[in-house]
Every structure is written in structure tokens, then in C-alpha cells.
Amino acid sequence: MKKRIAVLASGRGSNFQAVIDAIAAGKIPATCIALITDNPKAYAIERSGKAGIPVTLVDYASFPRREEYERALLAAMQEARADLFVLAGYMRIVGSEIVRAFPGKMVNIHPALLPSFTGLHAQRQAVLYGVKVSGCTVHFVDESLDGGPIILQKCVPALDDDDEDALAGRILEQEHIAFPEAIRLFCEDRLEIVGRKVRVRK
Ligand code: GRF
């Protein structure tokens, strides 16, 4: 049985594209049933159009208060009836009510080796810290910031001459491999959350 996945993205959407491409190539047993975005200018919307994926816009700027935005987002997510919500460059913190509505059904990608460098500008944080390796992390979303159980991580070297963009580019290449891989495992029912750990069934 194919899973129904909905993607939340706020911007460029290159990870969204990697997921679209992996589904089209038959690598993920899923149908992408919706892009949900908070940003009417997101390039992810163009990608959706090309792939024939319906777009739901929940425009953050059109709500007077964050709570009202969150309520509308929750309604849009419930309406999608997705098996999995994929946060692919969704640039807002997901409110607790939404996290609690979809336990174990939401995954995020973060451009650092968690638990290092949570929050925004993770690649810049890594360069400024002077780390020798960095990478990306795909994890389940819980109520903490970038702190849910880790599904998989990929490493890249951090080189002496790297600036933020150079490191971000190297990490992004791995994101485009890691995210489809983690989503595939979810869609094959091979992930089990046991406390803080995610066990991957063979
Ligand atoms: C990626 O670096 C991802 O790890 C982070 O936001 C960025 C989104 O890039 N959460 P894109 O929109 O997928 O190109």
C-alpha cells in the first residue's frame, strides 16, 4: 500500500524536489498528495506545479496572530489525511498542538549533525565553531527544537577554507540523499521509535 505524504516547505524546495524525484523513480512507495506552504512566494510552489501536486497556501502574513495561523495550518494538515508530513525547509517552529496531533508522523531535515547547531543558520554556526565534520540529520518531530528521535545522519568534511555557502552546498548534496532514504524507510514501515532511538527494521 502506498503511503500518502504531504510536504511542508517555505522556500526553495530543493529537498521537496529530491522527494518528488525519488517517488517518480519508484524509490519511495508513496504518493505526494499535497504541498502545504506558509509563503506565497516559495519556489516550492513552482515545483509542485510541474509535478502536478496540489498546493495549499496557509499564508502566514494573512493571519493577525500566530495562534490563528497555527489553527489554519492544523486544519489544512488534517484535511490532507496524510500518513506522513515531511518538513522540507519549513522555516517555522511547529506548534505543540500540531506536533501532538500527528505523533510519529512528522519528519524534518536539519543541516547539521544534531544535537549540535539547532535552530537557524546551522551551517554558519558550524563554520564559526570550527568543526571538522558536519552533515545533516533526518529526525522525527517532537515538541523540542530539532530534538526528536534521529532516523539517519550523513557526514561531510568541513574544510579550513569553507565559508557558510561552501559548507551548506556540501551538506545539501547529502540532504538530497538522506531525506528520500529516510522517507522510504518510513513508507516501508521499517521505522520504530523506541524511547530516544529509532530502530530500522531489516
Ligand atoms: C535545508 O538546508 C534544510 O536542511 C533546512 O532548510 C533548507 C531547505 O532547503 N531545514 P530547500 O528549501 O529544501 O532547498
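## Helix H2 and the ligand site

In helix H2 (residues 44-51), you'll find Ala-44, Arg-47 and Ser-48 buried, where buried means under 20% relative accessible area with a 1.4 Å probe, counting protein chains only. These residues cover an arc of only 100° around the axis, so they sit on the same side of H2. Keep in mind that this is a predicted model: local features need pLDDT of at least 70, side-chain atom pairs count only at pLDDT 80 or more, and totals for chains, interfaces and linings use all residues. Residues are numbered from 1 along each chain as its sequence is written, and side-chain values use heavy atoms, with hydrogens and water left out.

**Around helix H2**

- Helices here are DSSP runs of H or I with at least four residues, and strands are runs of E with at least two, numbered from the N terminus.
- The buried residues of H2 pack against helix H1 (14-24), strand S2 (30-37) and strand S3 (55-57), with contact meaning heavy atoms within 4.5 Å.
- Turned away from that buried side is a face carrying Gly-49 and Lys-50, which are exposed (over 50% relative accessible area).
- Right after H2 comes Gly-52, and its phi is positive, near 70°.

**Around the ligand**

- Residues around the ligand include Arg-12, Ile-109, His-110 and Gln-123, each with a heavy atom within 4 Å of it.
- A backbone N or O atom of Gly-13 lies 2.7 Å from a ligand oxygen atom, and for Asn-15 the matching backbone distance is 2.9 Å.
- Glu-175 uses its side chain instead: an N or O atom there is 2.7 Å from an oxygen atom of the ligand.
- On its own the ligand exposes 370 Å², and the protein buries 88% of that.

Notes. The arc is that of the directions from the helix axis to the C-beta atoms. A polar contact is a pair of N or O atoms within 3.5 Å; within protein, one must be able to donate a hydrogen and the other to accept it, and residues adjacent in sequence count only if both atoms are side-chain atoms. Accessible areas come from the Shrake-Rupley method with a 1.4 Å probe; for residues, only the protein chains shown count as cover.
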